[in-house]
Amino acid sequence: MDNFWRALFLAKSIIFCCGLFLALASSPIHAQKTEPNTTNQPVLDLPSATAAKDCLKTIRSAECLDHLFRDALKNHTTAEVLQLIQRFEAEDPELRRDCHPVVHAVGRETFRLKGNIHDSFSACDQTCHSGCYHGSVERFLRGDDIYSESYKHPSRAELKQKVALACDPETPLRFRYQCLHGLGHAILFFSAYQLQASLDICDALVDEWSRNSCYGGVFMENVSNATNEKRNFSPTDAHAPCNQLPDQYRRECYVMQTSRMAEMGLSIEQMFQECAKAGDYKLPCAQSIGRDLSNEARVGQHESVAQKCELTRGDERLACMHGVVYALVDNTWDGRYAMPFCAAFGSVADREDCFQMSIQYLRTVFEKDSEAITRDCSRHVANSPRCVELAVRPTNEL
């Protein structure tokens with residue numbers, strides 16, 4: 001790997017892609033199995049859908065829901081409660097429509113039990129439009145005023161003050177990123193999807209890496225949210241809002257931007273053409289293409305994804321690889337998806353670059369030693385001995 005990409009890998013925020021937050025949020029947690037039941041009946045000592053809907057009808061609905069799930073969380077994990085709500089969603093159209101405030105309550109009670117954002121986010125997932133994350137931050141931001149101000153958005157000054165204290169700087173990098181990225185999601189939500197105001201709040205964080213991690217969460221929420229009618233985008237400009245923002249935000253914006261381009265109907269070839277127009281941000285834009293393609297690689301379409309990255313050359317091809325690799329490794333914290341993707345490239349040089357970046361990412365961010373990475377190589381790409389050879393090299397020789 002040449003010096004340019006090594007420096008880029010180690011120095012800036014594009015060390016991370018959006019996948020970590022999603023992967024941690026959606027990692028499988030096996031809850032207690034229950035017999036088939038109707039939504040009107042409780043599952044063991046868990047609340048029924050009817051009880052949740054009854055709370056929604058009351059004047060003090062937030063407080064009612066909190067007490068409902070406070071009792072449930074005495075004997076069940078957050079994951080088990082969220083899985084129950086997912087079943088309610090599937091079976092009850094009325095609750096499916098209104099489940100977001102219900103899951104807010106699960107998040108509020110999770111934060112009350114955990115006492116900090118990091119542990120609360122680790123317990124939550126994206127059930128009902130990420131309501132658990134939002135509720136955790138709501139409790140963090142509102143504290144004892146949670147019921148009296150449940151329908152009031154915090155002020156920018158309050159958000160800045162709270163955000164600066166939210167994520168423990170002593171936690172490992174991968175966990176702290178989860179917290180900061182999740183905060184970015186919540187900040188945009190609590191700022192009523194005002195993009196620049198949300199980025200300004202991220203600026204309260206003290207170091208560049210933390211700010212960039214927060215920006216990434218804001219931009220991901222902006223591009224993936226289905227409820228704000230995409231008001232921060234242009235119907236005709238594939239580079240908006242990135243090209244309208246100050247320079248300090250553009251890199252993280254472009255790392256998410258091709259999701260918007262795909263919504264506009266652009267093909268992969270057209271996306272690479274648009275990325276070439278992004279000036280200093282053409283590489284983050286190409287990385288965004290890889291991040292989007294990672295979903296195909298995750299379901300086994302390794303050769304197809306490699307061929308799409310091969311549509312471009314040079315640093316743009318490496319950026320596409322980075323986007324795929326980061327998202328795949330973030331999903332599982334090992335090489336099960338990234339390594340078969342790397343083995344699918346047609347040229348020896350591309351395979352080498354891809355294996356190197358996967359191994360370096362596993363070492364640097366996820367603190368995997370050579371023995372663990374070697375096991376991954378043997379397990380997931382047994383027909384690619386070069387992976388093992390690279391895994392035992394010191395980091396400074398990759």
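Two rings of Phe, Tyr or Trp count as a pair here if their centres lie within 6.5 Å. Keep that in mind, because ring pairs link Tyr 326, Trp 333, Tyr 361 and Phe 366 into a cluster. What you're looking at is a predicted model, and this cluster is one handy place to start looking around.

Let's step back to the whole chain. The protein has 21 helices and zero strands. Of its 398 residues, 57% count as buried. Take the contacts between residues with a separation of 6 or more: 69% of them involve residues 24 or more positions apart. As for the outside, the accessible surface comes to about 17100 Å², and carbon and sulfur atoms account for 49% of it.

Now for a single helix. H4 covers residues 61–72, which makes 12 residues. From its first C-alpha to its last it reaches 17 Å, close to the 16 Å expected at 1.5 Å a residue. Which residues of H4 are buried? They are Ser 61, Ala 62, Leu 65, Asp 66, Phe 69 and Ala 72. They cover an arc of only 130° around the axis, so they sit on the same side of H4. A bit of background helps with that pattern: an α-helix has 3.6 residues a turn, so residues three or four places apart point the same way. And what do the buried residues of H4 pack against? Their partners are helix H3 (49–56), helix H5 (78–91), helix H6 (93–114) and helix H8 (127–142).

H10 is another helix to visit. It has 18 residues and spans 25 Å from first C-alpha to last, close to the 26 Å expected at 1.5 Å a residue. This helix is mostly covered, with 16 of its 18 residues buried.

H10 also brings us back to the aromatic rings. The count for the model comes to nine aromatic pairs. One of them is formed by Tyr 177 and Trp 209, a tilted pair with 6.4 Å centre to centre and 55° between the planes. This pair links distant parts of the chain: Tyr 177 belongs to helix H10 (residues 173–190) and Trp 209 to helix H12 (residues 208–224), 32 residues apart. Both Tyr 177 and Trp 209 are buried.

Follow H12 along and you meet another pair, Tyr 215 with Tyr 249. Their ring centres are 4.9 Å apart and their planes stand at 80°, so the pair is edge-to-face; the cut-off for that label is an angle over 60 degrees. Here too, distant parts of the chain are linked, with Tyr 215 in helix H12 and Tyr 249 in helix H13 (residues 247–263), 34 residues apart. Are these two tyrosines buried or exposed? Tyr 215 counts as buried because its relative accessibility is 2%, and Tyr 249 counts as buried at 2% as well. A ring can have a charged neighbour too: Lys 162 lies over the face of Phe 140, at 5.6 Å from the ring centre.

Next, some backbone oddities. Most residues other than glycine have a negative phi, and most peptide bonds are trans. Just after H10, Ala 192 takes a positive phi of about 55°. Tyr 193 has a positive phi of about 60°, although it is not a glycine. You'll find Tyr 193 in the loop between H10 and helix H11 (195–202), and it is buried, with a relative accessible area of 8%. Glu 367 also has a positive phi, near 55°. It is found in the loop between helix H19 (348–364) and H20. Glu 367 is exposed, because its relative accessible area is 56% and the cut-off is over 50%. Then there's the cis peptide bond that joins Ala 240 and Pro 241, with omega about 5°. Pro 241 is found in the loop between H12 and H13.

Let's finish in helix H20 (residues 370–380), where Thr 374 lies. Its relative accessibility is 18%, so Thr 374 counts as buried, the cut-off being under 20%. What does Thr 374 contact once its neighbours within four places in sequence are left aside? It is in contact with Val 388, Ala 391 and Val 392. The C-alpha atoms of Thr 374 and Val 388 are separated by 5.3 Å, though these residues are 14 residues apart along the chain.

Notes: Residues numbered from 1 in each chain as written. Predicted model: local features only at pLDDT ≥ 70, side-chain atom pairs only at ≥ 80, totals over all residues. Heavy atoms only, no water. Helix = DSSP H or I, 4+ residues; strand = E, 2+ residues; numbered from the N terminus. Buried < 20%, exposed > 50% of the residue type's maximum accessible area, 1.4 Å probe, protein only. Contact = heavy atoms within 4.5 Å. Areas by Shrake-Rupley, 256 points an atom, 1.4 Å probe, with all protein chains shown as cover. Phe/Tyr/Trp six-rings, centres within 6.5 Å; stacked < 30°, edge-to-face > 60°. Lys NZ or Arg CZ within 6 Å of the ring centre and 35° of its normal. Expected span 1.5 Å × (residues − 1). Arc of directions from axis to C-beta.
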